[in-house]
Amino acid sequence: MRHALEAHERRLKQPISLFAVATLANPLSWLRSSLRNRIALGVAALVVGTTVAVVSTSLYFVRASMKASIAEEQFARITAIADAIDQKFISRRVLLKSFSDGLAAHKPADDAALQAFLVRHVSLKVFFDNISIVDMRGELVATYNNPALIGRVNVAGREYFSDTVRTSKGVIS
């Protein structure tokens with residue numbers, strides 16, 4: 001330990017060079033000493049500035065192209081979803097049309113026979129929550145889910161029923 005302390009004292013007694021004093025007083029003073037140092041610093045600053053500019057420009061264009069790419073992908077997905085929904089509506093309309101054609105060909109004699117005909121078509125339950133059949137006066141004559149409502153519900157005053165009777169086209173609601 002004593003040797004380390006003596007070595008430290010010797011270093012403190014050594015004279016400090018003029019360059020070391022100038023550096024301690026003004027850390028950037030060594031730059032003024034040589035044209036070569038100033039040119040090197042200028043070139044380094046130019047390289048860093050150019051690199052920052054190139055990277056910033058590249059990132060700007062990448063961001064712009066990514067936004068366009070994401071927008072195109074979102075539009076394609078929304079279009080595919082809309083097409084799938086349209087296909088589901090079309091398939092349900094076709095199913096209802098074939099059911100109504102079968103109903104017209106079967107011609108059930110009364111409301112009980114109509115209810116039995118409806119219940120036999122289990123495939124309708126896969127596509128619809130409920131199927132109800134009303135007569136031209138709006139009286140419920142057959143329903144899939146709750147047959148107890150038959151004869152107790154009248155939909156004549158509802159807009160969708162009026163539209164269906166007026167246009168002779170079914171409504172999916």
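**Entry 1: Gln115 and its helix**

I began with Gln115, which in this predicted model has a relative accessibility of 11% and therefore counts as buried, the limit being under 20%. Gln115 lies in helix H4, and when I set aside the neighbours within four places in sequence, I found Gln115 in contact with Ala142, Thr143, Pro147 and Ile150.

I then looked at the rest of helix H4, which runs over residues 111-120 and in which Leu114, Gln115, Phe117 and Leu118 are buried. Looking down the axis of H4, I noted that the buried residues fall within an arc of 160°, so they line one face of the helix. On the face turned away from that buried side I found the exposed residues Ala112 and Arg120. What do the buried residues of H4 pack against? I listed helix H3 (35-106), helix H5 (123-127), strand E1 (132-134) and strand E2 (140-143) as their partners.

**Entry 2: Phe161**

I turned next to Phe161, which is found in helix H6, and asked whether this residue is buried or exposed. Phe161 has a relative accessible area of 10%, and because buried means under 20%, I entered Phe161 as buried. Leaving aside the neighbours within four places in sequence, I recorded contacts of Phe161 with Val134, Asp135, Met136, Arg137, Gly138, Val155 and Ala156. For one of these, Gly138, I also noted the spacing: Phe161 and Gly138 are 23 residues apart in sequence, and their C-alpha atoms are 7.4 Å apart in space.

**Entry 3: Salt bridges**

How many salt bridges does the structure hold? I noted 4, and I looked up several of them in turn.

In helix H6 (residues 159-167), Arg166 and Asp163 both have their place, 3 residues apart, which is about one turn of the helix. Arg166 forms a salt bridge with Asp163, and the closest N and O atoms are 2.6 Å apart. At 61% relative accessibility Arg166 counts as exposed, whereas Asp163, with a relative accessible area of 26%, is partly exposed.

In helix H3 I found Arg77 and Glu73, 4 residues apart, about one turn of the helix, with their side chains meeting in a salt bridge at 3.0 Å, N to O. Here I wrote down Arg77 as exposed, at 54% relative accessibility, and Glu73 as partly exposed, at 42%.

Asp101 and Lys97 also both lie in helix H3, 4 residues apart and again about one turn of the helix. Their side chains meet in a salt bridge of 3.3 Å, N to O, and Asp101 is partly exposed, with a relative accessible area of 42%.

**Entry 4: Nonpolar patch and aromatic rings**

I then went to the surface, where Leu35, Ile39, Val43 and Val47 make a nonpolar patch of about 370 Å². I followed up Leu35, which is found in helix H3 and, at 55% relative accessibility, counts as exposed because the limit for that class is over 50%.

For the aromatic side chains, I noted that the structure holds 2 aromatic pairs. In the pair of Tyr60 and Phe61, the ring centres are 5.4 Å apart and the planes stand at 70°, so I entered the pair as edge-to-face, the class for planes over 60 degrees apart. Tyr60 is exposed, and Phe61 is exposed as well.

**Entry 5: The chain as a whole**

I closed with the overall figures. The protein chain has 6 helices and 2 strands, and when I read along the sequence they follow the pattern α-α-α-α-α-β-β-α. What share of the residues of the protein chain counts as buried? The figure I wrote down is 13% of the 173 residues, and Gln115 and Phe161 are among the buried residues.

Taking the contacts in the protein chain with a separation of 6 or more, I noted that residues 24 or more positions apart account for 32% of them. For the surface I recorded about 13800 Å² exposed by the protein chain, of which carbon and sulfur atoms supply 65%.

Technical notes
Residues numbered from 1 in each chain as written. Predicted model: local features only at pLDDT ≥ 70, side-chain atom pairs only at ≥ 80, totals over all residues. Heavy atoms only, no water. Buried < 20%, exposed > 50% of the residue type's maximum accessible area, 1.4 Å probe, protein only. Arc of directions from axis to C-beta. Contact = heavy atoms within 4.5 Å. Patch = residues over 30% accessible without salt bridge, like charges linked within 9 Å, V, L, I, M, F, W, Y side chains within 5 Å. Areas by Shrake-Rupley, 256 points an atom, 1.4 Å probe, with all protein chains shown as cover. Phe/Tyr/Trp six-rings, centres within 6.5 Å; stacked < 30°, edge-to-face > 60°.
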